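Dear colleague,

Please find the structure below, with its sequence. My notes on what was found in it follow directly after.

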Amino acid sequence: MSSPLPAETDTNTLNSKKGEKVKQIHGKRIVSAIAVVFFLAFVAPIILAGGKKEAEPSRVVEVFGAFVDEEARRFEEAIQPFIDRTGIEIQYQGSPDFETLIFVRAEGGNPPNITALPQPGLMKNLAGGGHLTPLWPEALAEIDRNYAPVWKDLGSFEGTPYGIFHRVNAKSLVWYPRKAWEAQGYEPPETWDEMFALMDEMVANGHTPWAAGMESGGATGWYGTDWIEDIVLRTAGPDVYDRWVENEVPFTDPRIREAFEILGEIWLNPDYVYGGTQSLLTTSIPDAPLPMFQDPPRAWMHRQGNFVTGFFPDRIQDNLDEEVGVFALPSINPEWGTPMMGGGDQFVMFNQGDTPEARSFMEFLATWESGEAWARSGGALFPYVNQDLSAYSSELERLTAQALVEAEVFRFDASDLMPAAVGAGTFWAGMVDFVGGQDLDTVLRQIESGWEQ
Amino acid sequence: MKGDSSARKGSTFLSVPVVAIGRIAASVFVPIVAFVVLWAGFIFLRDSEASRGVIGIVAVVWGVGGVIGLFVIANWLVEKLPVLWRTRIQPFVFVGPALVILGWYLFLPTVRTLYLSFFDARGQEFVGLANYIYAFTNSAMIESFVNNLQWIVIGTGGSVGFGLLIALLADRSRYERVFKAIIFMPMAISFVGAGVIWRFVYAFRPAGEAQIGILNAVTTALGASPQAWLTIRPWNTFFLIVILIWLQTGYAMVLISSAIKGVPSQLIEAGRIDGASEFRVIRSIVIPHIMSTIVTVATTILILSLKIFDIVFTMTNGLYGTEVMASLQYKQMFRFFHYGRGSSIAIVLLIAVIPVMWYNLKRFTEREAF
Amino acid sequence: MPAETKKAKKLYEAVFVNSLLILITIAWIMPALGLFVTSFRPRDDIFASGWWTAGSQIERFTLDNYRQVLGGRDFTFVGADGETVRASGDNLSRAFQNSLTVTIPAVIIPIFIAAAAAYGFAWLNFAGRKIFFTIVVALLVVPLQIALIPILQDYQALGLTGTYLAIWLAHTGFGLPLATYLLYNYISTIPKDILESAFLDGAGRFTVFIRLILPLSVPALAAFAIFQFLWVWNDLLIALVFLGANADVAVLTQRLQSMVGSRGQDWHLLTSGAFVSMVIPLIVFFALQRFFIRGLMSGSVKG
């Protein structure tokens with residue numbers, strides 16, 4: 001049955017015909033191999049182990065956040081005055097996978113000193129898990145001095161303040177290609193009706209009013225929730241908005257349903273949106289404004305937060321003030337005026353990272369000084385009431401910052417305030433289904449079902 | 001004579017315990033030294049601030065040398081045991097290290113997950129089977145069962161089928177290396193890169209505009225209107241599975257190809273001399289010979305498609321009816337912070353793989369070992 | 001069969017085989033070609049026209065994307081004195097070194113452990129053999145996300161977090177089920193008579209492992225080494241959790257990912273970055289491909 005094995009065996013792999021010999025040779029080699037290995041593994045460390053890690057955690061504050069690269073550089077630039085003054089080293093780490101990481105690190109017992117949370121929901125989870133240090137009197141004094149009260153509330157969990165807001169954004173803004181508008185004689189509308197009149201004028205001229213896209217990878221859907229929030233604020237007012245965030249007003253409520261219907265008048269009308277619903281669903285958020293800057297423009301307006309300027313083509317970014325105009329999304333019900341909706345990063349401190357240095361850095365973040373340099377280099381808005389608006393690098397940013405600080409009503413992005421299972425779950429999915437043509441009542445019931453979880 | 005003999009006896013009498021003690025001492029001493037050495041390496045690697053290169057080299061030596069050293073020492077100790085015990089214990093010298101590491105990194109966390117799956121969102125209150133009832137009744141989960149089944153059947157079938165086809169063809173081509181390298185290339189592209197690639201394949205621009213996605217460029221060139229491919233139910237899951245096949249065929253091909261290289265050429269030549277057609281040679285000589293590799297490759301890709309996550313998460317976020325189990329698990333765990341549900345879905349995944357385990361175990365049991 | 005027809009038949013076969021292969025590889029290469037072309041185009045062009053039309057604008061191709069990826073991006077700051085300062089981001093060379101430091105030990109360490117375990121499962125009888133094997137297969141399906149928090153807690157207790165050792169061990173642990181399973185498959189196909197005769201000749205189990213199993217498994221070891229290399233090289237999650245995002249230790253994937261910007265708008269950098277990160281894995285593939293050789297066991301098979 002078996003061939004005469006040793007004779008035919010490949011000599012390279014089995015160059016010995018006797019097991020005994022195999023054993024001997026192998027034994028000797030192994031012994032010398034072990035000797036070498038042990039020498040290296042044992043002696044090398046002793047020779048090399050000159051620098052044992054003697055970390056000095058006391059003068060270093062580790063900060064972890066979601067913003068990276070260019071934004072991280074600007075943040076580092078902005079906090080330089082603090083470093084120069086105190087000699088404390090700030091180590092900033094950023095990662096786009098921040099959401100997952102901060103949670104794993106907190107639960108795994110390895111949190112940074114301070115972290116910048118883009119969503120209040122994350123803050124509530126970490127505070128609820130007992131990971132965070134409540135703000136102390138000195139920090140609270142800075143907050144009371146430098147911020148409108150709404151920011152203190154937004155940084156609080158169950159009545160205890162934890163978070164200090166730094167860079168924020170304003171989302172209820174509509175952007176347009178200024179030169180093309182001037183050539184056509186279009187004027188920014190003041191009311192919702194004027195806006196619809198303008199849209200119809202555009203359609204009559206053969207133009208498509210809106211550029212829009214909601215694809216955002218693992219976060220697809222948020223662009224739609226922003227629109228709904230803006231409309232709810234304008235039709236039902238801030239009180240209903242606040243109760244909606246708490247689910248005291250459910251999604252199936254007629255007032256919320258109305259907001260979807262109003263959005264549907266724009267989004268589901270193929271004349272109003274560039275590329276119709278297919279394009280709306282599949283165009284990514286950064287690509288969405290680009291049709292405005294084609295020649296001639298394929299679309300004439302785009303509603304997005306102030307961070308949108310970073311997505312504009314380079315030639316537009318270089319001449320922002322000449323090329324781009326902006327107006328606040330108009331009022332619908334005059335009773336509620338023109339409220340501003342937005343978001344922002346809040347800094348919180350972990351119990352395990354509670355050091356005097358971390359505390360003084362937190363207090364620094366509560367002052368305009370920590371934002372001034374960033375405002376000068378562009379790409380960020382700050383909420384400080386006592387900020388110097390002339391520091392902003394462009395007229396456009398100055399105006400949005402002013403709109404943000406002076407808005408009679410400011411509300412935080414509702415989907416970020418709702419539990420993630422709704423705000424980053426069924427609400428996102430519901431927006432996509434709504435655009436995809438599903439029946440509105442089914443969509444609303446589906447979104448509402450997220451609350452039961 | 002008598003004294004002589006007794007003296008000799010005495011020396012034997014004395015030397016036995018000395019040798020025995022020596023042996024025992026050595027048996028204790030050597031492992032202790034080994035342990036100390038490994039520990040020193042561990043501390044060095046943990047705390048050293050030497051340059052990366054040095055640490056890297058020490059790590060390889062420590063890791064590989066440490067493992068070999070432990071094997072040799074453990075084996076040396078076991079060899080001293082009586083034969084019966086030796087045959088019983090020696091296999092653990094081989095499988096032990098892997099079992100210990102697996103136990104720590106994966107088995108214990110799995111047990112913890114099983115435990116957490118009976119608790120509420122924060123893992124504090126016992127909720128019985130509530131999370132499992134959720135997992136089997138939630139509409140997104142039910143949708144994901146159907147989708148995962150498609151992933152398993154089409155994804156595994158496609159990757160293994162193409163991998164086998166290419167491996168067989170390439171084996172007969174002079175340009176084997178070039179072809180194999182091209183098919184392999186997608187594996188080398190990071191997942192972020194692959195995501196971009198496929199966005200460029202499925203990209204949508206409204207009719208009348210220049211298409212930047214190749215699929216829509218072809219569609220419009222043929223006179224049809226452009227499509228938003230990833231939103232078209234139920235075909236969008238298939239479009240996502242294509243990405244998996246594109247990525248994983250290289251994996252199947254490499255393994256199957258190396259198994260084909262293991263088919264003895266005498267067998268193939270013998271078949272050819274007998275006048276069998278090339279197709280017959282493949283079917284009745286090559287395929288049976290590489291069957292176990294095909295099963296292995298299929299098993300691993302099947303498991304991969306069962307826990308497929310990143311393709312769905314980054315391309316569609318599970319919207320438009322493309323949701324799968326692993327992305328729901330991820331969302332529950334890291335986005336909605338519901339430990340209990342996230343854990344229960346992980347356990348459901350584990351249960352879903354039972355048929356595969358059973359099949360592999362059946363083949364495993366049929367084996368004879370020494 | 002006359003030699004002529006035989007030759008003709010061979011030629012037909014070669015033509016058929018190669019044209020089929022060319023068709024398949026074209027399908028495979030098409031998406032990647034798009035990536036490749038895109039990586040040379042200016043940012044604004046990428047969205048203006050399809051990559052396949054870029055041939056007509058070849059004069060617009062630029063190496064600037066690669067320059068930015070390798071050398072770091074340019075930013076403009078307005079300094080405290082009101083002057084505009086141009087600064088460059090981190091370059092990739094440190095990230096390259098970090099990635100290599102992470103990857104090489106994380107590939108080599110598990111191979112030996114897995115090969116030994118595979119040998120044990122394939123050829124040795126021991127108590128609990130079946131149940132342990134079942135567990136190994138079952139662990140293939142465990143999503144590694146569930147292990148992150150418990151392992152991080154253990155690492156905290158051991159003071160391992162943020163060290164290379166932490167990530168080598170983690171990759172070893174998470175790579176082991178597949179390594180063991182793949183190598184088990186290969187090692188179990190080694191013809192029994194080879195081992196039998198070695199044992200009859202008095203070789204111990206250990207000797208057989210070192211002198212027979214390992215050399216005979218070279219193709220499988222090489223194949224697994226390639227895969228493990230790819231996973232570790234392209235891994236992001238494990239590196240972020242156990243090594244951290246600090247620039248001193250950040251690996252290539254982290255640097256590339258953060259270069260894309262917080263909202264993923266910079267496709268021109270993403271595409272060139274994807275090619276930069278592909279270089280090393282492809283070199284490894286070409287280097288190890290030569291171990292996929294025919295006939296390692298050929299002399300020793302039942303005839």
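Please bear in mind that this is a predicted model. The notes concern chain C and one helix pairing between chains B and C.

Chain C has 303 residues, of which 64% are buried. Its secondary structure consists of 13 helices and 2 strands. Of the contacts in chain C between residues at least 6 apart in sequence, 68% link residues at least 24 apart. Carbon and sulfur atoms account for 65% of the accessible surface of chain C, which is about 10,800 Å² in total.

Within chain C, helix 4 (residues 93–123) packs on helix 10 (residues 218–234) at an angle of about 140°, the axes being 9 Å apart. The two helices of chain C are therefore oblique to each other, and their crossing is right-handed. Helix 4 of chain C contributes residues including Phe96(C), Leu100(C), Val107(C) and Ile111(C), while those from helix 10 of chain C include Leu221(C), Phe224(C), Phe229(C) and Trp233(C). By class, this contact has 14 nonpolar, 3 polar and no charged residues.

Between chains, helix 11 of chain B (residues 278–306) and helix 7 of chain C (residues 164–188) cross at roughly 165°, with axes that come within 9 Å. Because angles over 145 degrees count as roughly antiparallel, helix 11 of chain B is roughly antiparallel to helix 7 of chain C. This crossing is right-handed. Ser292(B), Thr293(B), Val295(B), Thr296(B), Thr299(B) and Thr300(B) meet Leu178(C), Tyr181(C), Leu182(C) and Asn185(C) here. The residues of this contact divide into 4 nonpolar, 6 polar and no charged.

With kind regards

Methods: Residues are numbered from 1 along each chain as its sequence is written. Chains are lettered from A and ligands numbered from 1 in the order in which they are written. This is a predicted model: local features need pLDDT of at least 70, side-chain atom pairs count only at pLDDT 80 or more; totals for chains, interfaces and linings use all residues. Side-chain values use heavy atoms; hydrogens and water are left out. Axes are lines fitted to C-alpha atoms, for helices over the stretch in contact, and angles run from 0 to 180 degrees between N-to-C directions. Helices (H or I, at least four residues) and strands (E, at least two) are DSSP runs, numbered from the N terminus. Angles under 35 degrees count as roughly parallel, over 145 as roughly antiparallel, 65 to 115 as roughly perpendicular and the rest as oblique. A crossing is left-handed if the near helix is turned anticlockwise from the far one by less than a right angle, and right-handed if clockwise. Contact means heavy atoms within 4.5 Å. Ala, Val, Leu, Ile, Met, Phe, Trp, Tyr, Cys and Pro count as nonpolar, Asp, Glu, Lys and Arg as charged, and the others, Gly among them, as polar. Buried means under 20% relative accessible area, exposed over 50%, partly exposed in between (1.4 Å probe, protein chains only). Accessible areas come from the Shrake-Rupley method with a 1.4 Å probe; for residues, only the protein chains shown count as cover.
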